[in-house]
Amino acid sequence: MSQVLPPAFMMLADLVPDWAIDSESGRMRRRFETPFPVLNEFYARMMPQIEPALSYLATKPMIGLSDADRNLLLLTLSLAEVSIAVEKVKSTRNADTYDVARLEFVHEQ
Amino acid sequence: MATSLSSAPHRWRALYPDLGTGPLPVETVLSPDVFEQQRRHVFEKVWLQVGRVESIAQPGDYFVAEIQIAKTSVIIVRQPGGTIGAFHNVCMHRGNKLAWQAKGKCGKFLTCNFHGWVFDTKGQLASVPDAENFYDLDKSALSLRPVRVDVWEGFIFINLDAQGTETLSEFLGELGQRLTGYPFAKLSTRTLWRTQVRSNWRLIADAQVETYHVPYLHHNTEQGVFSGPANPHAHVHHFEAFGPHHMISIPFNPLAVPKGVEALAFQFGSSLVQAGGRGEFEMPEGLNPSKASNWQFDIYHFFPNFNILAFRDLYATHQFWPLSVDQSVWEVSLNQPVAATAAERFAQEQAKCLFREAVSEDGSTHERTQEALESGVLKQIHLKDEEIAVRHGYVTLDRMIAAGEAAA
């Protein structure tokens with residue numbers, strides 16, 4: 001059976017079920033349904049590992065990613081989403097902004 | 001040399017005195033009569049962007065453009081040999097919609113779901129079930145009704161005016177030339193969001209051609225990115241009108257330093273809010289026309305309802321489709337390079353999430369402004385000199401409607 005994450009990043013394995021989400025709309029929905037303290041916890045868990053993780057992922061071509069590498073990438077993509085809330089908005093969402101639940105994702109990555 | 005950050009308070013009036021300086025009437029946004037004039041004299045007359053060539057790469061690939069303001073639906077289809085055809089989405093038998101899906105692959109033929117009439121991708125009626133039961137059926141006269149179509153830099157434009165003679169190239173004029181050679185096809189990693197907004201289309205469009213709002217509305221996402229001590233109100237580097245179209249060139253605060261995850265994104269790929277990205281691609285000479293060192297991106301407005309935001313290694317688009325005087329569809333795309341590594345993919349995601357957040361901030365005003373204007377309190381809106389692109393949009397609409405009414 002393949003590993004959930006590359007060996008050097010197994011300390012993040014418990015985050016995979018909730019945060020390794022393979023669509024932008026899915027990651028966005030997860031952010032907006034998650035209380036801010038939980039977003040902060042995810043951010044705090046990810047940040048100490050993010051530079052080594054990105055240095056590692058910089059050696060991995062997108063074509064032919066292993067499942068473990070892909071899970072690590074998906075965690076970093078969730079961090080990209082969550083970091084907007086934690087670093088910039090300072091809450092899960094700015095209640096004044098357009099309700100992104102009204103966005104239809106016509107094409108997404 | 002046209003340059004950056006002029007301190008002259010009315011620099012654009014000096015260059016474009018014919019656009020005027022007075023307040024503008026809110027009827028442009030609120031009046032059903034004006035909306036009807038916009039339909040007749042603008043949307044049914046000019047070239048409208050409807051999609052990219054890559055979305056219909058193979059013969060038989062098609063998509064449907066619903067142009068609700070013109071009460072019409074248009075099939076855009078890739079034909080054998082690579083040409084692109086556009087036809088009104090109306091079966092020539094009893095008027096059923098021919099294509100029901102937003103996009104698809106039809107092979108060599110489009111077949112009506114109602115009675116099985118078959119049209120080829122050139123629009124010709126190829127087959128009619130039980131044809132001998134009709135009276136004097138002349139298949140050659142029952143081709144799908146064509147719509148004029150042309151392509152600029154991979155963007156497909158249609159023109160609903162069957163009698164019109166202006167070519168797409170003539171319509172785009174110098175605006176088209178400025179961006180010729182931009183690597184649109186290489187920036188093929190596409191995200192497209194769509195949403196229906198209860199506001200007039202102008203309210204959505206107007207927010208996308210001025211930087212006045214950035215330090216206020218975008219204080220969370222773009223704090224100190226556009227504006228800084230040297231340019232506290234984010235005055236643009238450049239404004240230029242090209243007939244009905246225009247462009248503005250967006251500044252960057254050289255003191256802005258990305259932090260946290262954004263800084264990592266820039267380290268491993270490219271962040272949205274870095275000065276123009278990393279410069280991986282050849283750019284047309286026309287980009288960043290003032291050649292400002294603290295250039296971020298240019299916004300090119302293709303009258304009446306399409307904008308391209310051209311960065312150095314990604315581009316975004318906005319499109320504003322009127323449905324009715326107080327309902328619109330707003331489509332936003334972000335187009336990035338194909339990520340080579342997984343770390344680069346992360347950097348792209350950070351840029352995309354930040355862009356989406358900023359767009360949702362933009363979106364916060366449209367329905368509120370619509371509602372407030374509907375109260376009738378304001379009869380006019382006031383624009384400053386730096387909001388000249390908004391003014392240019394209104395003046396252009398007024399002029400086109402006046403010319404259309406005069407010719408009617």
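This passage describes strands, a mixed-chain sheet, helix packing and aromatic pairs in a predicted model. Residues are numbered from 1 along each chain as its sequence is written, and chains are lettered from A and ligands numbered from 1 in the order in which they are written. Local features need pLDDT of at least 70, side-chain atom pairs count only at pLDDT 80 or more, and totals for chains, interfaces and linings use all residues, while side-chain values use heavy atoms, with hydrogens and water left out.

Strand β11 of chain B spans residues 155-159. Helices (H or I, at least four residues) and strands (E, at least two) are DSSP runs, numbered from the N terminus. Five of the five residues of β11(B) are buried, that is, under 20% relative accessible area, with over 50% counted as exposed and values in between as partly exposed (1.4 Å probe, protein chains only). Both faces of the strand are covered. Phe155(B), Phe157(B) and Asn159(B) lie on one side, and Ile156(B) and Ile158(B) on the other.

β11(B) pairs with strand β2 (residues 47-52) of chain B in the antiparallel sense, over five bridges. Pairing requires at least two DSSP bridges between two strands. Ile158(B) is the bridge partner of Leu48(B). Strand β10 (residues 148-152) of chain B also pairs with β11(B), again antiparallel and over five bridges. Here Asn159(B) stands opposite Arg148(B). Two residues separate β10(B) from β11(B) in a hairpin. Glu153(B), in the turn, has a positive phi of about 50°.

A second set of strands draws on both chains. Eight strands form an open sheet in the order β1(A)-β12(B)-β18(B)-β17(B)-β16(B)-β15(B)-β14(B)-β13(B), with antiparallel pairing. Its edges are β1 (104-107) of chain A and β13 (238-242) of chain B, each paired on one side only. β1(A) runs antiparallel to strand β12 (residues 189-197) of chain B, joined by three bridges. In that pairing, Glu104(A) has Arg194(B) as its bridge partner.

The chains also meet through helices. Helix α4 (residues 67-89) of chain A and helix α7 (residues 260-268) of chain B have axes that come within 8 Å and cross at roughly 140°. Axes are lines fitted to C-alpha atoms, for helices over the stretch in contact, and angles run from 0 to 180 degrees between N-to-C directions. The crossing makes α4(A) oblique to α7(B); angles under 35 degrees count as roughly parallel, over 145 as roughly antiparallel, 65 to 115 as roughly perpendicular and the rest as oblique. Leu79(A), Ala80(A), Ser83(A), Glu87(A) and Lys88(A) meet Gly260(B), Val261(B) and Glu262(B), where contact means heavy atoms within 4.5 Å.

Aromatic pairs number 21 over all chains. Rings of Phe, Tyr and Trp (its six-membered ring) pair if their centres lie within 6.5 Å; planes under 30 degrees apart count as stacked, over 60 as edge-to-face and the rest as tilted. Trp12(B) and Phe239(B) form an edge-to-face pair, with centres 6.0 Å apart and planes at 65°. Trp12(B) lies in helix α1 (residues 11-15) of chain B and Phe239(B) in strand β13 of chain B, 227 residues apart. Trp12(B) is buried at 4% relative accessibility, and Phe239(B) is buried at 2%. Phe157(B) and Phe302(B) form a tilted pair, 6.3 Å centre to centre with 40° between the planes. Phe157(B) is in β11 and Phe302(B) in strand β15 (residues 295-302) of chain B, so the pair ties together parts 145 residues apart in sequence. Both rings belong to a cluster linked by ring pairs, whose members include Trp152(B), Phe155(B) and Tyr315(B).
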